[in-house]
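User: I should like to learn how strand pairing, a ligand shell and burial are read from a model. Please take one feature at a time.

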Amino acid sequence: MSDRSLTAEELQTARLSLRRPTEADIDAIFAIHRDPETCLHNPSDALASLNEAEELYQRWNDQWQQCGYGYWVVRRHDCALQLGFCGIKPMELHGMKVLNLFYRFATSAWGQGFAGDAATAVTTWASQRVPVLPLIARVRPANIASQRVAVRAGLTRAQHLDGTGYDGLDWIYAAKLPN
Ligand SMILES: CC(C)(COP(=O)(O)OP(=O)(O)OC[C@H]1O[C@@H](n2cnc3c(N)ncnc32)[C@H](O)[C@@H]1OP(=O)(O)O)[C@@H](O)C(=O)NCCC(=O)NCCS
């Protein structure tokens with residue numbers, strides 16, 4: 001995250017703008033979550049209808065209203081196209097309150113470092129603005145790209161927190177765990 005970062009509703013990196021989603025992003029939420037490739041490792045996240053995307057947007061928006069932060073929609077500065085989504089959500093992991101780091105990008109945007117840039121901006125923002133909560137990412141063991149993004153964002157492997165998630169075994173990556 002650079003000095004150009006504004007409020008929680010908009011974060012900026014050298015290449016990317018991260019904004020709070022609006023209803024205008026529902027089509028992109030659907031397009032990205034209906035693609036079997038983007039949900040290959042997390043099929044429970046797949047969306048089958050626009051109605052499900054509208055419901056997901058509502059849940060994201062509800063969290064923004066409750067917490068003042070949530071998932072951001074990621075774009076290049078010079079392009080309206082939604083590259084993907086990245087953000088944080090409060091949850092409990094083994095009874096511990098944590099922020100879960102999320103990222104999912106359109107396949108056309110993969111392999112250009114966008115997810116790493118966005119996840120780094122989000123973790124930097126979370127470390128500064130929600131410093132009391134540890135940050136975690138739940139990653140399926142075969143999802144190498146996601147593991148690389150978590151590491152690039154400053155998280156390290158926390159094997160002792162591994163557990164079964166919605167789609168099977170989740171490897172946990174974490175930052176700011178209590179001693
Ligand atoms: C995970 C995801 C966001 C990564 O997006 P991306 O824009 O390609 O990521 P980046 O370009 O920042 O690359 C991240 C790293 O993964 C590596 N990588 C990318 N695709 C890879 C692959 N298929 N296999 C191995 N490594 C890969 C890159 O080389 C890079 O490594 P580096 O940091 O050592 O240079 C994207 O693959 C995605 O949206 N996947 C589906 C959703 C998902 O799985 N989300 C995570 C749920 S836990």
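User: Before that, what conventions apply to the strands, and which strand does E2 pair with over four bridges?

Analyst: This is a predicted model, in which local features need pLDDT of at least 70, side-chain atom pairs count only at pLDDT 80 or more, and totals for chains, interfaces and linings use all residues. Residues are numbered from 1 along each chain as its sequence is written. Helices (H or I, at least four residues) and strands (E, at least two) are DSSP runs numbered from the N terminus. Two strands pair if DSSP finds at least two bridges between them. Here E2 (residues 16-19) is joined to E1 (residues 10-12) by three bridges, antiparallel, and the two form a hairpin with three residues between them. Over four bridges, E2 pairs with E3 (residues 71-76), again in the antiparallel sense; Leu 18 stands opposite Val 74 there.

User: Which residues come nearest to the ligand?

Analyst: A residue is near a molecule if its C-beta atom, placed from the backbone, lies within 6 Å of it. Of the 22 residues around the ligand, Trp 110, Ala 115, Gly 116, Ala 145 and Arg 148 come nearest. Strand E5 (96-105), helix H3 (114-129) and helix H4 (144-152) each give two or more residues to the shell, and H4 gives the most, with six.

User: Is Leu 155 buried or exposed?

Analyst: A residue is buried if 20 or more other C-beta atoms, placed from the backbone, lie within 10 Å of its own, exposed if 12 or fewer, and partly exposed in between. Leu 155 has 24 such neighbours and therefore counts as buried. Leu 155 lies in the loop between H4 and strand E7 (156-157).
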